[in-house]
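Let's take a walk through this protein together. Have the sequence and the 3D view open as you read.

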Amino acid sequence: MFQHLFAEMNEMLRKIVAEFPTAEGTRRNELLGKYNMLHRLSDDVMDEWLSFAEKLSQFRESADVAAQLDGGMKEQEAPELSMDSFARGQGYYKLLMYRKCIEQFKLVIRQYPNSLAARLYLAMAYLQEGDGEAAWGHLGHMLSLIRERKLKAMIYNAMGCIRASQARFHEASELFGLSLQHDPALPEPSVNLEVCRKREGKLHFGNQLVSLL
């Protein structure tokens, strides 16, 4: 139900980002006004989201309903998913507020250091903030925990993109090769290997990994 709202907000922000560096005078002021409006709207949406998430969490923890949730499968659910910090972090990520997202998921991994979901959110948020080394650490931690070959392939590809963006092409090529070893059908590593070979071109991070969020 929120897809349309966020699509409009993202499109408006995209135009602001594209025009602002060269805008002058009245147009620059108009763009600043739109930015301020988006900022206020995001704060309002975040407040409502957090209030709703806390109410959901309280409901799930109610003794009267816990046994009935998910067909009695609540005990098998990752416990960190019920944390308020997890819900807040997700909300901040969806609103592109990555620094606040990072703050919340740091609290999650402090309690659940092996949470794959929290580590992935942290890695993606750090990448959005341009901190490749911090993202690398969380992706590497995930590698030590997972067994599923396709997911490992996606993570190796992501780590290869980090090294390639740092012009460490030899390391990047090795990581893309590992990605292909784990999942030869994954298309991005082959493209990225060509980028490393030519030292130019666009790196393909992989929509499949992002879609897990």
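What follows goes from the overall fold to the core and then to the cysteines.

Keep in mind that this is a predicted model. Start with the big picture: the chain has ten helices and zero strands, so if you follow it from the N terminus, the elements simply run α-α-α-α-α-α-α-α-α-α. Of the chain's 213 residues, 37% count as buried. Look at the outside too: the chain exposes about 12700 Å², and carbon and sulfur atoms supply 53% of that. As for how the chain meets itself, take the contacts between residues at least 6 apart in sequence: 51% of them join residues at least 24 apart.

Now head inside. The largest nonpolar core has 39 residues, and those with the most contacts inside it are Tyr93, Phe105, Met124, Leu139, Ile155 and Leu209. Several helices chip in, with at least two core residues coming from each of α2 (25-60), α3 (84-94), α4 (98-111), α5 (116-128), α6 (132-143) and α7 (149-165). There's also a second, separate core of six residues, Cys161, Ala164, Phe169 and Phe176 among them.

Pick out Tyr93 for a closer look. Setting aside its neighbours within four places in sequence, Tyr93 is in contact with Tyr98, Cys101, Tyr121, Met124, Ala125, Gln128 and Leu213. Cys101, one of those partners, is buried, with a relative accessible area of 0%.

That brings us to the cysteines. How many disulfides does the structure hold? The count is zero. Take Cys196, which is buried at a relative accessible area of 1%. Its closest cysteine sulfur, in Cys161, is 8.3 Å from the sulfur of Cys196, so the two are too far apart for a bond.

Conventions
Residues numbered from 1 in each chain as written. Predicted model: local features only at pLDDT ≥ 70, side-chain atom pairs only at ≥ 80, totals over all residues. Heavy atoms only, no water. Disulfide = S-S within 2.5 Å. Buried < 20%, exposed > 50% of the residue type's maximum accessible area, 1.4 Å probe, protein only. Core = buried A, V, L, I, M, F, W, Y, C linked by side-chain atoms within 4.5 Å. Helix = DSSP H or I, 4+ residues; strand = E, 2+ residues; numbered from the N terminus. Contact = heavy atoms within 4.5 Å. Areas by Shrake-Rupley, 256 points an atom, 1.4 Å probe, with all protein chains shown as cover.
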